[in-house]
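Student: I've got a new model open and want to go through it bit by bit. Let me start with how some of the helices pack.

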Protein chains: 2
Amino acid sequence: MKTTALPGFRDFYPDDLALRSHIFATWRSVAGRYGFEEYDGPPLEPLDLYTGKSGDEIVGQLYNFTDKGDREVALRPEMTPTLARMVAARANGLRKPIRWFSIPQLFRYERQQRGRLREHFQLNCDLIGEPGPLGDAEIIALAIDVMRAFGLTAKDVRVRLSDRRVLVSLLQKYEQFQGERVRIGFDAIDKMERLSRQETVRRLEEAFFGPQEIDHLFRVSQLRTLPAVLDELESCPNGPAVGRTFAAVVNALGDMGLAEFVDVDLSIVRGLLYYTGTVFELFDAGRTLRAICGGGRYDNLLLAFGGVDLPAIGFGMGDVVLAELLKERGLGPTATAGLDVFVAAVTADDLPHVLALAHELRDAGLRVEYALSVVPLRKQLDLAAARRARYAVVVGPDERARGEVVLRDFEEKEKAKAQRAVARDAVAAEIVGLAGQAAS
Amino acid sequence: MKTTALPGFRDFYPDDLALRSHIFATWRSVAGRYGFEEYDGPPLEPLDLYTGKSGDEIVGQLYNFTDKGDREVALRPEMTPTLARMVAARANGLRKPIRWFSIPQLFRYERQQRGRLREHFQLNCDLIGEPGPLGDAEIIALAIDVMRAFGLTAKDVRVRLSDRRVLVSLLQKYEQFQGERVRIGFDAIDKMERLSRQETVRRLEEAFFGPQEIDHLFRVSQLRTLPAVLDELESCPNGPAVGRTFAAVVNALGDMGLAEFVDVDLSIVRGLLYYTGTVFELFDAGRTLRAICGGGRYDNLLLAFGGVDLPAIGFGMGDVVLAELLKERGLGPTATAGLDVFVAAVTADDLPHVLALAHELRDAGLRVEYALSVVPLRKQLDLAAARRARYAVVVGPDERARGEVVLRDFEEKEKAKAQRAVARDAVAAEIVGLAGQAAS
């Protein structure tokens, strides 16, 4: 029998799952602080949810098939179409702005490359129904605060912030940048980091861009400060207005005390066609990894997808790059929790008493184990150590006669405290008290 | 565009997700108390993981397809094959007994019936490497304690407990019950509740069972107490030995204080071929719903699946029947949490201060919102109420000049306490303190 998962799919053994749980718990905690509520949809959806608007090119990257009821279906490659479908179905009953998050597992059939996965988990946060710049700042602040909650600082991670409205205005300074040519310009900017300048120039020339336009495109994409962007916008169509909105986003993040995380960076466009305004990506400061998170405003998507005209902004943050960064910085969870208590029996006659006490300790909320067969005390205490138990409770005939048990604290150095007799009926409260002290 | 999920698949809006989260959190908490560690595997697996041992009949119920790399794959219909694969891959490095749990989403293509889903979530708990009856009792106690953690009592839910070794011994009292005929006998017992006595008799006669054998089968399946079973076993092949094991399971559950939940019931066999010993199901006491949970011992499965010879016992508990029962008994989660604090601005000039304060409150771990555009104070407080905020903090120019804010407690009846000025820099600590008091 095969003992491996499909290529590109992960098994999560308990240690791996502990890191994943740490990531999910942090995501949920920070989203909750922003008043976001969790939702989820099916991992299998009708295929046309993905092909309807984006066309058929996407099918090459989907896990799609015909089900036994002759339906064309696909494993979800992204969450936004499901979100649009769900919001559209109940648009009138939902109070705006809608603050929703989800942690879906997503699937893409990509040609296998080293380390490239075909599934990942992704935090999706979306704010729907608010068109203004404070909505944008709210979403970006949430992404930054997730980083901070993991212990990452502005020295570790950076937000690269841009706005497509700003780029459109700047490019339209020259009238050649209209309609389809804006799209080609965006595409060139989006790929600049991965291509040589020479190759970018070649592609733009092929699309009949002249030397002046090409220079302008490069210059715009290299703007890196808010004053420089605002200055440049002065002379552009609709420039001052889009500049005010862009500045409002940057300044709101400053008011929140998050300015040090944010770099204005007009080379950020984002690949997806549907973004309409603010766009941003979150990277490790050294840029040795792929993007940790990307998002932006997509004010027309819900209308196109679900027939509901609501502005929206959101981001997706995957678990894979984030986990790499956390491991690299030693910011994973502390070792998976060991047991609180191991209950041991001195003789076989003590076993029923062990069962009763173990169950009582579990009812008190403690993590408890005991040997599941009759083995010598020595072996039981070995198992307690292997399970990293903090305490052992030993039940023996002599102690039972006195209504007592022996409580052993594996972390206590002082001998008198490390092992002592405790009244049988007081031991649960005693350990809960000690565990409470240790936790606080 | 379609605004519905595929038939048999669920959308989880925030209220639905809150119930799901409550179920998952309770599952995790109780499994943790038993020292169980969480794992997970891929939702998509090689098809032969499911057909290899069970044959091709199962394919009719699978979501299976050929992927773009020409691999035969299937959405997981159950977790045990993945568990077997994962344990087999690292069998030597894992300390026994292995105590693992998982909460996979599982998929079955079933012909659509009213209310029948094609996906569900299932708590899977497995104890691997322990052959004795205390392992069986441990797993059954875990299932019962999950029920208790939800607030369900022995009046609400019942464990129906049997053992295939006991049934084999009882049936083999007559020599006719050997090999294939035992399997036919099991199948008849398994279906007795759904079929008329007449139909069961007809089927057994068709398989050449005589009147005496048929009577014996009915009588055995109607045994309902441990003494009756032990008495009956006295005269059966290997009877006293299997009786001791069965009694040890029942008695261990008694030692844990869980006897009131357990009904010995030899009509329980479980459909799956791979069970080898103890089998049990958990039902609502009135038996108006399908089984909440089912499990048993499968000592040969890991060898067959993964080539590793380890005894094992486990159960699966789905979210659907459980959720129905919890709703029916009013044991769902308390209303989804509202906000802790809504921060409101009196004038547009106060907005930067609102942003700073809101962020500070969020850093203190509070759930915080504020209006994302400039609206009158009245409307902001309406939004605060709609979001079920416990507190509002109002930031105005006069208060700011004095270094203060107004703190309003929506649940305080006493007027002087319901609204009062608080030093701006003390408000976060003040609310954290109040929230802490309210929680304790």
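Student: Which residues in H5(B) meet H8(B)?

Tutor: From H5(B) you have B:Leu167, B:Leu170 and B:Leu171, and they meet B:His216, B:Leu217 and B:Val220 in H8(B). Contact here means heavy atoms within 4.5 Å. Sorted by class, that's five nonpolar residues, one polar and no charged ones. The classes go like this: Ala, Val, Leu, Ile, Met, Phe, Trp, Tyr, Cys and Pro are nonpolar, Asp, Glu, Lys and Arg are charged, and the others, Gly among them, are polar.

Student: Before I go on, what's the small print?

Tutor: It's a predicted model, in which local features need pLDDT of at least 70 and side-chain atom pairs count only at pLDDT 80 or more, while totals for chains, interfaces and linings use all residues. Residues are numbered from 1 along each chain as its sequence is written, chains are lettered from A and ligands numbered from 1 in the order in which they are written, and side-chain values use heavy atoms, with hydrogens and water left out.

Student: OK, back to the helices. At what angle do H5(B) and H8(B) pack?

Tutor: About 145°, with the axes 10 Å apart. H5(B) covers residues 164–171 and H8(B) covers 211–221. Helices (H or I, at least four residues) and strands (E, at least two) are DSSP runs numbered from the N terminus. Axes are lines fitted to C-alpha atoms, for helices over the stretch in contact, and angles run from 0 to 180 degrees between N-to-C directions.

Student: Is the crossing of H5(B) and H8(B) left-handed or right-handed?

Tutor: Right-handed. The rule: left-handed if the near helix is turned anticlockwise from the far one by less than a right angle, right-handed if clockwise.

Student: Now the sheet in chain B. What's the strand order?

Tutor: E14-E13-E15-E16-E17, an open sheet of five strands with mixed pairing. Two strands pair if DSSP finds at least two bridges between them. E14 (368–370) and E17 stand at the edges with a single partner strand each, so one side of each has no neighbour in the sheet. The twist averages 25° from one strand to the next.

Student: Which sense does each pairing have, parallel or antiparallel?

Tutor: E13(B) (residues 341–345) runs parallel with E15(B) over five bridges, and B:Ala345 is opposite B:Val395 there. E15(B) (391–395) and E16(B) (404–409) are antiparallel over four bridges, with B:Val393 facing B:Leu407. E16(B) is also antiparallel to E17(B) (419–423), over five bridges, and B:Val406 sits opposite B:Ala421 in that pair.

Student: Which helix lies across E13, E15 and E16 of chain B?

Tutor: H14(B), residues 377–386, running at about 170° to E13(B).

Student: Switching topic: how do chains A and B relate?

Tutor: A turn of 180° and a shift of 0.0 Å along the axis lays chain A on chain B with an RMSD of 0.1 Å. The copies are thus related as by a two-fold rotation axis. In chain A, the C-alpha nearest that axis belongs to A:Phe65, at 3.2 Å. The superposition is least squares on C-alpha atoms of residues with pLDDT of at least 70 in both copies. Also, 100% of chain A's interface residues are interface residues in chain B too, so the copies meet through the same surface.

Student: Any odd backbone? Where's the cis peptide bond in chain A?

Tutor: From A:Lys96 to A:Pro97, with omega near -10°. A:Pro97 is in the loop between H3 (80–89) and E5 (98–102) of chain A. In chain B, a cis bond joins B:Lys96 and B:Pro97, with omega about -10°.

Student: And A:Asp70, is it buried or exposed?

Tutor: Exposed, at 67% relative accessible area. Buried is under 20%, exposed over 50%, and partly exposed in between (1.4 Å probe, protein chains only). A:Asp70 isn't a glycine, yet has a positive phi of about 65°. B:Asn238 also has a positive phi of about 65° without being a glycine, and counts as exposed at 55%.

Student: Last one: what does B:Thr200 touch beyond its neighbours within four places in sequence?

Tutor: B:Ala188, B:Met192, B:Leu195 and B:Phe218. B:Thr200 is in H7(B), residues 197–206, and is buried at 3% relative accessibility. B:Ala188 is 12 residues away in sequence and 6.4 Å away in space, C-alpha to C-alpha.
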